[in-house]
Amino acid sequence: MATRRRVSVLYAPGTNTEIETMEALRLAGGDPYLVFLKDIIKGKVRITDCSCFVVPGGFSYGDYPDTGVAVAELLREHLTLLADSGIPIIGICNGMQTLIRAGVFFGSGLAMAENESGDFVSRPVLHRVEDADCVWTRGLEGRVLVFPAAHRFGKLEGTGRVNVVMTYEGASPSGSKVAAICDDTGRVMAMMDHPERPPDSEQGLAIFRNGLTA
Amino acid sequence: MIITRIITVPNKPGVTPDIYRIINLETNEPILDVAALHSLFSDGITTRVAEAMPSDPSVKFKEVMYQNGVIDPQETMIIELCAKRGVTVDAVKVGYRYYGKRMDGLYVNKAVHIAYTAEPQLSTLKPRGVRQETQYYDLRAMGDAELTQLSKNRELHLSLSQMKKLVQFQGRLGLFVVSDVYLETFAAFWSEHCFHTLWKALGLFQMLKDATAKINNPNLLSAFIDNAGVWDFYDGLALLFKLETHNSPTQSEPFGGQMTKLGGVIRDILENGLGAKPIGNVELTVIGERVRKRYPKLEGAMSASVIARETVRAIAGYGNPMGIPMDLARMMNHPDYSGKPFALGGTVGITTHAAAKKGTPHKGDLVVLVGGRTGNDGLHGATISSGGITEKTDTGDSTHVQIGLPYTEQKMMRAGVALRDAGCCSARNDFGAAGIVSCFGEMGKGTDGVGGIIVNLALVPLKCADMARWQIALSESQERFGHAVKPEKYAEAMAIYEKYGLEATVIGVFTDSGRFQMFSDPGVVPSVGMQLSGEIDLDVPYAYFDECPLPSVEVRAPAEKTQMATYPEITLGNVEAMGLAVVGHFDVCDQSSATTQYDSTVQGITYQGPLYGENYNVASSLAVLRPVFGKPYGATVSISFSPWHFEADPVSAAVNTMMDAIATQVVAGVQLQDIALADNFYTDGADPVSLWYLREQVKALVDLSLATGTPFITGKDSSAGRGTFGGVIVKVPPSVAITALGKVSDARRLVLHRWKGVGNILVALGSHATRLDGSILSSSLGITGTKLDRFPIEEAQCYLEGIGRLARQGVFISAVPINRGGIFLRLFEGIEASGFGFEAEICTELFPESLGGVLVEVSLDALQTYRGFPELNPRVVGTILPERRFVVQGKVLNLNLLRQAWQGTFKEVLYGNT
């Protein structure tokens, strides 16, 4: 029987989707652990001690002073280590905002803006998986996946180069066509919507299984 | 002190900014490299740092920020981030400056915010204030007039008989004087909010409790003794729910009122028993009329549109960060809610059987205050404005209202479960009205069955400048939690608090003295058997609190209605116009633009959320959650209310409302005995006629509860349903919202709303109302109803069991309740949700609202079966068509027009210019 791969799921105060994310990872065959941001900072836990790293959704540090800023700032040096490690990483919703703001995965030319509606948007949305060399969506190219959106700052902006992994099919919750991107290595994916809702969604599990077997 | 202002603006080249964000940083020393902080506040892509504000003094602006006395929620994080970049910051205020059209409709809460129209001259960002000394009174030396005046001056709301009782207590205690803490504590304990004096005087609470006890439902784990009602679930788990209103705060400050409404009811779940996890929220707000027709002049009353807009912002602003899915959400309007809205919120939770029941503190347990710091938020004394008040001193910036901060409360979502599972606490409670007095005072009443607690007010962590001790004791600062921590678990508990970033402080100890004791002596940690030291604020036996004199309440029967409302005949000639009037009514229109702003899928447990259908814009009547991963168990929630029904016929409306909440569950397949209820009454308690209706409503609900075996297990009454503006009194109709919570062993077998098959038949079951009174159509036509068709209580159980049985047998393919908007609206929604069409065989019957009735989809084959169930009173409504059409007795209705009407109203009410 194959050993389950250890997955670190980051928890910062204000994170609010780690439980369902861990359940989805467990169903996908992983061995998820909750890793507290403060333990990483204190050196109790090494950010690279895992086979896969997940930054889940929520409102880390209350989104103060802006979405994703606090975690990106407090973990900056550790995220650099993580980026250099080659470990598959996925940032979901607030996790995407954090990874973008950190600037170490996708460069410094990108930012997350408020949805064009100016509102938080919670509704099911369709995502077309594009041809991108991304480990998280391998084998899913061309498919249209349904996950719920739940965000207010979900519009990717900037002049940085992006590898688009998923685009919105039909109405976009953010106003942007882009739903998910990956870095140049194809191992780091950031997406605004929620493949972990519900955790037993086969479409979501397909993404997590990919990350766990990369 | 040095104030540095970092200004950010939207990064739109060539566009003059009309909104600026200003991060005001207070430091002891000048910040040498301000630019090093810029990237904390601006990403340089969507925003940029501006060098300066526009300097033209002729250009008007408003710059809004928190008052000095209010801690900016962003302060702590910004201080920490600046520290990481080597800059020591002492205080922070984040402001926004608006120009031009940005100022249009800008709502500034003057109780919390300050709005500058000229360049602000900031000398400090820290709270300022003048310490108020404790006031002492010799009540025995006061006559009736003086006692009455004292109660009035301090806004104690104690009657003369209650004040006289306090005089007696002073004598019994042998005190020369009593403190303001003494007065305020009794005022809080004996308030309507805590003691329910009005309800007790009328004997209403006991009626509901007696009925619940008589039903003796085996699912019941806890009712009416804790923050929430608790109901058995599966595998040793329990569901719990609680709903509460925040009507007065929402009227005066909608954003803060609605935020703290939700925050408060979530805390009720978090701190029920020995702890629970919130798994769903429900939201219902009834606003007044947008265009004031019934009350043309209400001086100083908040605009209904503002309340509606701020409600959406507040519910999203609190609920989304909490990570609790929104299950059901709806807004309604009615002119009699122009004085005070009905701001109802509720939360469903889950816990273990072991943690389900109210805890009991034990002698020696530590009194631990957890969460937010204590400020002078929501204090009546600080905002009192009548002249000649000797107690009131100049408190600088201390005129606060409650401020919601979900970030702090969200941490207890996780820590609370960890504390529960580690068995750290003997008892838990939340902080709400009356702060420490209510939270720890209530807990201490139960210590080892005899009561006893000592609290040292000097140990309470404060967020404001020096506060009077009665303010510390009564503060309603939000996001605070009270725990009775077992001494042997102290270290473990503190580790959990620290792990989740929660501040926790031991401020007292539980004792077996039978007394509620509060004192102030810095540095002294209370211990069992200690002599009170320092300044003694309160030292009274708990038994005194039970001696509250109840008021004599006048109840007067209403005059008999002699004239019935009349309505235009509904014909094929006007059915489309009538339909347009219904679908475009605010109460039932498309509100998805608000509902989609509430996260309804977080936690990954939502099976049927607040919206459904192919366009995800039709409101659900039944929310279904699957809160246990890997298990099919379902928790179901329904809620019923219609202000127009209560205006027409309050008692019949109460019966029908309860039937609606129950039938919505039963027709989906929930067993009748697996349903529990919550009541939330809203009445003008100063009106004897309203109290007559209230009493009759409770009697009728008790009768229906006993007849159906569905017990009330939680509830709340608000008797302050009156607003007075410039001499105009606005009274809410005597009303009650009924919420039902159910459980099913397999949610996948539930019958949900969406139509499934072309050619299937829709059948209306249950009592068929014939009158239009109280209906949405009646409201649209401007006709005030007078009498409702009441669901026959004696037929309720047979009917409910009948539809439940058929639902579970799989005979129903889809099902919806026939409530607001009647069958017509259900058909329109069915078409919108399914993409199919419908041909109705009935016309006039489409508009009366048969609360308790249901509309079910059945196959042609099954149709014959229903005609064999006379107790279900079947009426064939028509047939589902393959193409998107709406046909009534051969007349094709204009669906596009109907859709436009349905979709247009909500935004008009919220964002129209009135």
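I began with Asp512(B), which is partly exposed in this predicted model, its relative accessible area being 39%. I then looked up Lys363(B), and this residue is partly exposed as well, at 44%. The side chains of Asp512(B) and Lys363(B) meet in a salt bridge, with 3.4 Å from N to O. I noted that this pair links distant parts of the chain, since Asp512(B) sits in the loop between β19 (504–510) and β20 (515–520) of chain B while Lys363(B) sits in the loop between β14 (342–352) and β15 (366–371) of chain B, 149 residues apart.

Next I turned to Asp687(B) and Lys731(B), whose side chains form a salt bridge at 3.3 Å, N to O. Asp687(B) lies in the loop between β27 (675–682) and α21 (688–708) of chain B, and Lys731(B) lies in strand β30 (residues 728–731) of chain B, so that the pair links parts of the chain 44 residues apart. Is Asp687(B) buried or exposed? I found Asp687(B) buried, with a relative accessible area of 11%, whereas Lys731(B) counts as partly exposed at 33%. I also recorded that salt bridges with shared partners join Arg5(B), Glu63(B), Arg97(B) and Glu119(B) into one network.

How many salt bridges does the structure hold over all chains? I have 61 in my notes. In chain A, I looked up the one between Glu114(A) and Arg152(A), where N to O is 2.7 Å. Glu114(A) is in the loop between β5 (110–113) and β6 (121–129) of chain A and Arg152(A) is in the loop between β7 and β8 (155–158) of chain A, so this salt bridge ties together parts 38 residues apart in sequence. Glu114(A) is partly exposed at 31%, and Arg152(A) is partly exposed at 37%.

I then followed the open sheet of chain A, in which nine strands run in the order β2-β1-β3-β4-β11-β10-β9-β6-β7 with mixed pairing. Its edge strands are β2 (30–36) and β7 (144–151) of chain A, each of which pairs on one side only, and the twist averages 25 degrees from one strand to the next. Strands β4 (residues 89–92) and β11 (residues 188–191) of chain A pair in the parallel sense over four bridges, and here Ile89(A) stands opposite Val188(A). Helix α1 (residues 18–27) of chain A packs on the sheet, where this helix touches β1 (5–11), β2 and β3 (52–55) of chain A, and its direction makes about 155 degrees with that of β2(A).

Last, I searched the whole structure for disulfides and found zero over all chains. For Cys93(A), the nearest cysteine sulfur is that of Cys134(A), 18 Å away. Cys93(A) is buried at 5% relative accessibility, and Cys82(B) is buried at 0%.

Methods
Residues are numbered from 1 along each chain as its sequence is written. Chains are lettered from A and ligands numbered from 1 in the order in which they are written. This is a predicted model: local features need pLDDT of at least 70, side-chain atom pairs count only at pLDDT 80 or more; totals for chains, interfaces and linings use all residues. Side-chain values use heavy atoms; hydrogens and water are left out. A disulfide is a pair of cysteine sulfur atoms within 2.5 Å. Buried means under 20% relative accessible area, exposed over 50%, partly exposed in between (1.4 Å probe, protein chains only). Two strands pair if DSSP finds at least two bridges between them. Helices (H or I, at least four residues) and strands (E, at least two) are DSSP runs, numbered from the N terminus. Axes are lines fitted to C-alpha atoms, for helices over the stretch in contact, and angles run from 0 to 180 degrees between N-to-C directions. Contact means heavy atoms within 4.5 Å. A salt bridge is a side-chain nitrogen of Lys or Arg within 4 Å of a carboxyl oxygen of Asp or Glu.
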